[in-house]
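Colleague: I'd like to learn how to read a model like this one, feature by feature. Could you walk me through it?

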Amino acid sequence: MNADFASFLYLVSGVLFIMALRGLSHPTTSRQGNLYGMVGMGIAIVTTLALAKPSMGGFALIVLGLAIGGGVGAVTARRIAMTSMPQLVAAFHSLVGLAAVMVAAAAMYAPESFGIGTIGDIHGQALVEMSLGVAIGAITFTGSVIAFLKLDGRMSGKPIMIGGRHFINAALGLALIVLIVMLVMTESYAVFWLIVVASLALGVLLIIPIGGADMPVVVSMLNSYSGWAAAALGFTLGNLALIITGALVGSSGAILSYIMCRGMNRSFISVILGGFGGETAAAAGDDGVQRTVKTGAADDAAYLMMNAQKVIIVPGYGMAVAQAQHALRELADKLKANGVEVKYAIHPVAGRMPGHMNVLLAEANVPYDEVFELEDINSEFAQADVAYVIGANDVTNPSARDDKSSPIYGMPILDVDKARTCLFVKRSLGSGYAGIDNTLFYKDGTMMLLGDAKKMTEEIVKAMDH
């Protein structure tokens with residue numbers, strides 16, 4: 001294939017990737033955006049194969065790899081539940097990071113195959129690019145593994161504090177700079193693998209101290225890291241598609257992280273440096289004080305909502321786990337038929353990932369014009385008769401607003417406690433994913449509806465017919 005034509009095709013795939021990102025920004029265009037991304041990636045893969053002109057044996061190995069990877073991806077995507085999507089994203093990021101490390105190792109041991117020189121005489125610029133790619137890739141790999149373990153419940157969502165971690169992180173960062181300089185000067189395999197080991201350790205140390213409530217931003221940050229790793233290796237390999245794709249993923253992930261940090265009143269620099277969550281996070285958890293809780297039943301909730309003028313529904317991870325979105329839409333339909341104004345309030349990180357609740361509500365055919373983001377609806381809770389919270393714990397915790405000692409202090413929350421009555425559906429009075437007791441449970445205007453989110457909502461719908 002002509003190199004100029006290949007560059008044109010890579011440009012086309014880059015444009016399609018941009019259109020994919022644009023389409024994925026809203027539920028109504030997400031399917032189309034996903035299609036653009038698939039077509040763009042298909043063009044990039046075919047173009048790369050045409051340029052490489054592998055032997056029959058090499059071509060067979062490439063096709064086999066594509067079949068295995070594509071098959072695993074297809075099966076995983078079909079089987080995974082929406083509730084597990086955040087940890088799936090984290091797992092996929094880890095694979096991108098691992099791939100970056102493996103590609104960099106291949107380039108280090110066979111530079112002539114990548115057009116960057118010969119063994120013992122690799123171009124200095126290529127070594128810098130390779131070093132950056134392998135370092136960011138290794139950090140992404142172990143950081144994403146830790147994020148996956150926390151999101152999947154295989155590791156505690158509470159921050160794990162390590163004494164002197166900031167000093168250790170700074171020392172590792174300085175060591176990486178020194179090692180990269182040494183690699184450029186010596187082209188030593190031992191130095192290359194020291195860079196890998198130091199970066200793997202740094203990935204763990206950056207993510208382990210971060211609490212569960214902040215994990216959605218961490219996943220977004222790791223997404224950005226994986227993009228920059230790919231872009232760095234794109235320069236090493238001279239692959240335009242990899243540079244474009246990596247830059248798009250890296251920049252979009254960084255922008256999303258910044259937007260989320262601003263929405264959660266967190267420091268963007270603190271996220272990048274792994275200081276997210278802060279030292280106060282060690283104080284997370286129940287203080288052991290006994291408090292009074294007002295509990296209710298489905299009949300109580302049905303009566304309150306049917307006699308309300310305005311109800312704001314706040315979905316969260318508990319709704320996703322119970323798959324209660326269809327029952328929730330039926331409840332809303334009943335209320336609207338009775339003349340009640342119904343709106344949905346979505347926190348930026350409800351469900352542990354941006355857009356998670358929007359997708360679930362769209363799946364249940366909830367009208368888009370009834371769904372509002374935090375900044376657009378928070379002022380309306382004071383005028384609402386009922387706030388129906390269904391499994392949204394940390395994002396409704398008043399401690400974030402009122403308690404300066406709380407590890408989530410400063411994070412904007414949905415002000416459900418300002419509604420006349422807050423109906424809170426939850427299995428138990430246990431703490432949320434961040435491991436923090438929710439003071440909302442004990443407020444005078446809160447009625448706890450303890451039980452499965454779907455079953456409780458269905459019982460309320462039935463009670464509305466009586």
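Colleague: Let's start with helix α1. Which of the residues in α1 are buried?

Modeller: This is a predicted model, so keep that in mind throughout. A residue is called buried when its relative accessible area is under 20%. In α1 that label goes to Ala6, Leu9, Tyr10, Ser13, Gly14, Leu16, Phe17, Ala20 and Gly23.

Colleague: What distance should the 21 residues of helix α1 span?

Modeller: Work from the rise of 1.5 Å a residue: for α1, residues 3–23, that predicts 30 Å. The C-alpha atoms at the two ends are 30 Å apart, so the expectation and the model agree.

Colleague: Now charges. How many salt bridges does the structure hold?

Modeller: The count is 14. The test is a Lys or Arg side-chain nitrogen within 4 Å of a carboxyl oxygen of Asp or Glu. Take Glu341 and Lys343, whose side chains meet at 3.7 Å, N to O. Glu341 is partly exposed at 37% relative accessibility, whereas Lys343 is buried at 15%.

Colleague: Which salt bridge links distant parts of the chain, and where do its partners sit?

Modeller: Try Arg420 and Asp385, with 3.3 Å from N to O. The two are 35 residues apart: Arg420 is in the loop between α16 (399–402) and β7 (421–426), and Asp385 is in the loop between α15 (374–377) and β6 (386–390). Check the exposure too: Arg420 is exposed at 65%, but Asp385 counts as buried at 13%.

Colleague: And Arg427 with Asp452: what parts does that pair tie together?

Modeller: Their closest N and O atoms are 2.8 Å apart, which makes a salt bridge. Arg427 lies in the loop between β7 and β8 (446–450), while Asp452 lies in the loop between β8 and α17, so the pair ties together parts 25 residues apart in sequence. Arg427 is exposed, at 61% relative accessible area, and Asp452 is partly exposed, at 23%. Salt bridges can also share partners, and that is how Arg401, Asp402, Asp415, Asp417 and Lys418 are joined into one network.

Colleague: What about charges outside salt bridges? Which residues form the negative surface patch?

Modeller: To join such a patch, a residue needs over 30% relative accessible area and no salt bridge. Here the members are Asp299, Asp300, Glu330, Glu458 and Glu459. Two helices, α11 (298–306) and α17 (453–464), each give two or more residues to the patch. Glu330 belongs to helix α13, residues 325–337. With a relative accessible area of 39%, Glu330 is partly exposed.

Colleague: Which residues make the nonpolar surface patch?

Modeller: That patch covers about 600 Å² and is made by Leu174, Ile177, Val178, Val181, Met182 and Met185. Look at Met185 in helix α6, residues 165–186. Its relative accessibility is 69%, so Met185 counts as exposed.

Colleague: One last stop, Ile122: buried or exposed?

Modeller: Ile122 counts as buried, because its relative accessibility is 6%. You'll find Ile122 in strand β2, residues 121–122. For a distance check, compare Ile122 with Glu112: they are 10 residues apart in sequence, and their C-alpha atoms are 8.6 Å apart in space.

How values were computed:
Residues are numbered from 1 along each chain as its sequence is written. This is a predicted model: local features need pLDDT of at least 70, side-chain atom pairs count only at pLDDT 80 or more; totals for chains, interfaces and linings use all residues. Side-chain values use heavy atoms; hydrogens and water are left out. Patches are made of residues with over 30% relative accessible area and no salt bridge: like charges are joined within 9 Å, nonpolar side chains (Val, Leu, Ile, Met, Phe, Trp, Tyr) within 5 Å. Accessible areas come from the Shrake-Rupley method with a 1.4 Å probe; for residues, only the protein chains shown count as cover. Lys and Arg count as positive and Asp and Glu as negative; His and the chain ends are not counted. The place of a charge is taken as NZ of Lys, CZ of Arg, CG of Asp or CD of Glu. Helices (H or I, at least four residues) and strands (E, at least two) are DSSP runs, numbered from the N terminus. Buried means under 20% relative accessible area, exposed over 50%, partly exposed in between (1.4 Å probe, protein chains only). The expected span of a helix is 1.5 Å times one less than its number of residues.
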